[in-house]
Amino acid sequence: MEVTKRVFLTELNQPSLEFMARWRPDPEVDRWMETHVESLSLDQQQAWWEKTRLDPCKHYYAIYERGADEFPYLSVGRMLGWAQVLLTPPSQAEVGLVIADPDSRGQGYGTLALDGLTEKAKAMQATRIVADILPSNIASMRLFANAGFRPSEYLPDHCERGAVIRWTLAIT
Ligand SMILES: CC(C)(COP(=O)(O)OP(=O)(O)OC[C@H]1O[C@@H](n2cnc3c(N)ncnc32)[C@H](O)[C@@H]1OP(=O)(O)O)[C@@H](O)C(=O)NCCC(=O)NCCS
């Protein structure tokens, strides 16, 4: 388990799969994703994870808030969302993240989680990190721009929802 200030990135486990199954179809999450998901059962979520976890290029994480007690580095607070680093050879990492509950957004959690993802991508020897973002997703574009990413490509008809803008961070 890795600690990044107020936020932990951990391996996915049963409670986090339940969290993802509950939140992924939520309209306030779904609208920012490349594909529409109407509903998702826990069985479907578990089946996805059983398959995905076998792929060494796909790394998924639960985003947790750090606990607030006197040993904050040892205690886990509430789950906030999930994130991924997908290695697309030769040395590119595609990252993405979700802070699920809209009430938890705008408080810096996304920024801290992206820091953690960038560190993980570096540890995986990636030399370039990319994120594909829907052009309407102002919050996400601000998040990535603040972290040093820059728009590098416009990809029309990239996904079910149409075009995305690819944001890139070169790692020196
Ligand atoms: C995008 C997301 C991960 C950002 O996480 P967050 O915890 O809300 O972001 P932070 O609080 O760290 O803020 C990062 C930047 O986003 C901005 N931001 C956050 N919510 C915003 C909103 N609703 N509208 C506009 N900007 C917003 C913040 O103001 C900040 O930019 P600034 O410092 O220039 O003002 C989160 O909003 C989210 O999960 N959204 C839904 C899923 C999604 O879009 N995922 C990304 C797919 S590419």
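**Entry 1: strand S7**

I began by fixing the term I would need: a residue is buried if 20 or more other C-beta atoms lie within 10 Å of its own, exposed if 12 or fewer, and partly exposed in between. The model I am reading is a predicted one.

With that cut-off in hand I went to S7, and found that the number of buried residues among its ten is zero, so the strand lies largely in the open. S7 covers residues 150-159, and I then looked for its partner. Six bridges join S7 to S8, and the two strands run antiparallel; they form a hairpin with two residues between them. As a register mark I noted Pro 151, which stands opposite Trp 167 in S8.

Which residue of S7 has a positive phi without being glycine? I found Asp 157, with phi near 50°, placed in strand S7 itself. Asp 157 counts as exposed because it has 9 C-beta neighbours inside 10 Å, where the limit for that class is 12 or fewer.

**Entry 2: the approach to S7**

Next I stepped back to the loop between H5 and S7, where Gly 148 lies. Gly 148 has 13 C-beta neighbours inside 10 Å and therefore counts as partly exposed. I also checked Gly 148 against Thr 168: the two are 20 residues apart along the chain, and their C-alpha atoms are separated by 8.4 Å.

**Entry 3: S5, H4, S6 and S8**

From S8 I followed the pairing to S6. S6 (residues 128-133) is where S5 (residues 92-99) pairs in the parallel sense, over three bridges, whereas S6 and S8 (residues 162-170) pair in the antiparallel sense over six bridges. For the parallel pair I wrote down Glu 94 opposite Val 130 in S6, and for the antiparallel pair Arg 128 opposite Ala 170 in S8. S8 thus has S6 as a partner and S7 as another.

What handedness has the β-α-β unit made by S5, H4 and S6? I read it as right-handed, with H4 spanning residues 109-123.

In the loop between H4 and S6 I stopped at Gln 125, a residue other than glycine whose phi is positive, near 70°. With 10 C-beta neighbours inside 10 Å, Gln 125 counts as exposed.

**Entry 4: the nonpolar core**

I turned to the largest nonpolar core, which has 39 residues; Ile 63, Trp 82, Ala 83, Val 95, Leu 97, Ala 113 and Leu 117 touch the most other members. Which element gives the most to this core? H4 does, with six residues.

I took Ala 83 as an example. Leaving out residues up to four places away in sequence, Ala 83 touches Leu 9, Tyr 61, Ile 63, Gly 96, Leu 97, Ala 113 and Leu 117.

Val 85, in strand S4 (residues 76-88), came next. Is Val 85 buried or exposed? I counted 24 other C-beta atoms within 10 Å, so Val 85 is buried. Its contacts, again without residues up to four places away in sequence, are His 59, Ala 93, Val 95, Leu 117, Lys 120, Ala 121 and Met 124. Leu 117 appears in this list and in that of Ala 83.

**Entry 5: two distances to Ala 21**

I set Val 85 and Gln 45 against Ala 21. Val 85 and Ala 21 are 64 residues apart in sequence and 19 Å apart in space, C-alpha to C-alpha. For Gln 45, which is 24 residues from Ala 21 along the chain, the C-alpha separation is 5.9 Å.

Gln 45 lies in helix H3 (residues 42-52), and with 19 other C-beta atoms within 10 Å it is partly exposed, the threshold for buried being 20 or more. Beyond residues up to four places away in sequence, Gln 45 touches Leu 17, Met 20, Ala 21 and Leu 40.

**Entry 6: around the ligand**

Last, I listed the shell around the ligand. It holds 23 residues, the closest being Trp 32, Arg 105, Gly 110, Thr 111 and Ala 139. By class I found eleven nonpolar, ten polar and two charged residues.

Which elements each supply at least two residues of this shell? They are S5, H4, S6 and helix H5 (138-146). H5 gives the most, with six residues. I noted that S5, H4 and S6, which make up the β-α-β unit, are among these suppliers.

Note on methods:
Residues numbered from 1 in each chain as written. Predicted model: local features only at pLDDT ≥ 70, side-chain atom pairs only at ≥ 80, totals over all residues. Pairing = 2+ DSSP bridges. Helix = DSSP H or I, 4+ residues; strand = E, 2+ residues; numbered from the N terminus. Right-handed = clockwise from strand over helix to strand, strands pointing away. Core = buried A, V, L, I, M, F, W, Y, C linked by C-beta atoms within 7 Å. Contact = placed C-beta atoms within 7 Å. Near = placed C-beta within 6 Å. Nonpolar A, V, L, I, M, F, W, Y, C, P; charged D, E, K, R; others polar.
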